[in-house]
Amino acid sequence: MEARPFKILCIDGGGIKGIYSAELLAKFEEVFGCVVSDCFDMLCGTSTGGIIALAASLKIPMSSVVKFYREKGPSIFNERVKCMPGGRIYLGAKQVAFGGKYSAKKLRSALESVFGNRTIAESNNFLCIPAYNTLTSNPRVFKKDFDKFTEDDRKTYVDVALATSAAPTYLPVMEIEDDQFVDGGLWANNPILVALTEFLYKFAQDQRFCGLEILSISSCQKTKGEKHHKLNRAFVSWKDTLFDAYSIGQSKSAMFLMSNLKGYLSFPFDFHRIENMPLSPEQDKIIDMDNASEDSLRLLIKIADNTAMNEKMRPTIAHFFQTKKTLNPKEY
């Protein structure tokens, strides 16, 4: 077999903003007449990006994932409560002092409607789904079993999806086999370095591959940068900007490192990052990781459509969806 590049798709975390990533991929599937799973050897996603990657690994159409966010998002993120008098204050108080802003029951039910009781053994792709083990203080990457890695095939898609998306103070900690996990965004909201590390760990020396190609997709990154605040800030005054700070900071540092690695590795290596055009101040106010209002969902889909309209014209992007993956993990 002629050696070909190992291709990886990476999808950032970002809560309900995952509808942007899913819509972008849905447009690529439509334009290029493909299925995401058939185009990438490995799917790597964190939090909401992990849910999308897991769905793609089962060859679920990305248009169905968009529908999932549209139909289930408002319930998962309690939009009905937010519209009630005092509803936002109530949810804020829950987040600060009473066990988290949202319940995992609605998210679990929504995920079960998509994944049922399917297990990671059914994945059609190699997987890297980051989470964080609070008991061991170690990063954890859920994978499709291969070679000597035999840890995760028995785990369910629903459990892994809940683990990678368990954002502290937003959703409860997820327990799997007596280990406790929270959102992988704590250390890899943009999982591109996880993807590179996994390639170096196992695939770089495989003669079936002649290099590495990574496509990285943001989750509709907001314009950030704050005005001056008082120096002593409590959690309440940080609010959601705390999570934006660590996720955006991690992503930018990862991309800086990746850009400086180009040309210094011992194999052909290329990566491309798809980001949305900067948001207007009005759009910035509507979009947030847990704003699943109709206005927010509609805007995120429209931004994704406009992004796809430009990105699909780039030969480097088209390449990812017009070429097939090299290997199914079941053949490894």
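# Close-up views of a predicted chain

The chain exposes about 15100 Å², and carbon and sulfur atoms supply 55% of that area. Please keep in mind, as you browse the views, that this is a predicted model.

**View 1. The whole chain, with its 15 helices and eight strands.** Let us begin with the overall frame. Along the principal axes, the C-alpha atoms fill a box of roughly 65 × 45 × 40 Å. A compact globule of 332 residues would have a radius of gyration near 20 Å, and the 19 Å of this chain agrees with that. Buried residues make up 55% of the 332. Among contacts with a separation of 6 or more, 78% join residues 24 or more positions apart. For those thinking about electrostatics, the chain has 42 positive and 39 negative charges, and their mean positions are 4 Å apart.

**View 2. Phe 6 and Phe 203, one of 20 aromatic pairs in the structure.** The two ring centres are 4.5 Å apart and the planes meet at 20°; planes under 30 degrees apart count as stacked, so this pair does too. Phe 6 belongs to strand S1 (residues 4-11) and Phe 203 to helix H10 (residues 192-203), so the pair ties together parts that are 197 residues apart in sequence. How buried are the two partners? Phe 6 has a relative accessible area of 0% and is buried. Phe 203 is buried as well, with a relative accessible area of 0%.

**View 3. Phe 199 and Phe 267, an edge-to-face pair.** Here the ring centres are 5.1 Å apart, and the planes stand at 65°. Phe 199 sits in helix H10, while Phe 267 is in the loop between helix H12 (241-261) and strand S8 (269-274), so the pair ties together parts 68 residues apart in sequence. Phe 199 is buried at a relative accessible area of 1%. Phe 267 has a value of 14% and is also buried. Stepping back, ring pairs link Phe 199 and Phe 267 with Phe 6, Phe 126, Phe 146, Phe 203 and Phe 209 into a cluster.

**View 4. Helix H8 (residues 157-164), largely enclosed by the rest of the structure.** What makes this helix count as enclosed? Eight of its eight residues are buried, and that is why the description fits. The buried residues include Tyr 157 and Asp 159, together with Val 158, Val 160, Ala 161, Leu 162, Ala 163 and Thr 164.

**View 5. Thr 169, a residue other than glycine with a positive phi.** Most residues other than glycine have a negative phi, which makes this a backbone spot to look at. The phi of Thr 169 is near 75°. Thr 169 lies in the loop between H8 and strand S5 (174-176). With 27% relative accessibility, Thr 169 counts as partly exposed.

**View 6. Cys 220 and Asn 232, both placed in the loop between S7 and H11.** Is Cys 220 buried or exposed? Its relative accessibility is 0%, so Cys 220 counts as buried. The phi of Cys 220 is near 55°, again a positive value in a residue other than glycine. Asn 232 follows strand S7 (209-217) and precedes helix H11 (235-238). At 68% relative accessibility, Asn 232 counts as exposed. How far from Asn 232 is Cys 210, 22 residues away along the chain? Their C-alpha atoms are separated by 52 Å.

How values were computed. Residues numbered from 1 in each chain as written. Predicted model: local features only at pLDDT ≥ 70, side-chain atom pairs only at ≥ 80, totals over all residues. Heavy atoms only, no water. Helix = DSSP H or I, 4+ residues; strand = E, 2+ residues; numbered from the N terminus. Rg over C-alpha atoms; globule rule 2.2 N^0.38 Å. Buried < 20%, exposed > 50% of the residue type's maximum accessible area, 1.4 Å probe, protein only. Contact = heavy atoms within 4.5 Å. Areas by Shrake-Rupley, 256 points an atom, 1.4 Å probe, with all protein chains shown as cover. Lys, Arg positive; Asp, Glu negative; His and termini not counted. Charge placed at Lys NZ, Arg CZ, Asp CG, Glu CD. Phe/Tyr/Trp six-rings, centres within 6.5 Å; stacked < 30°, edge-to-face > 60°.
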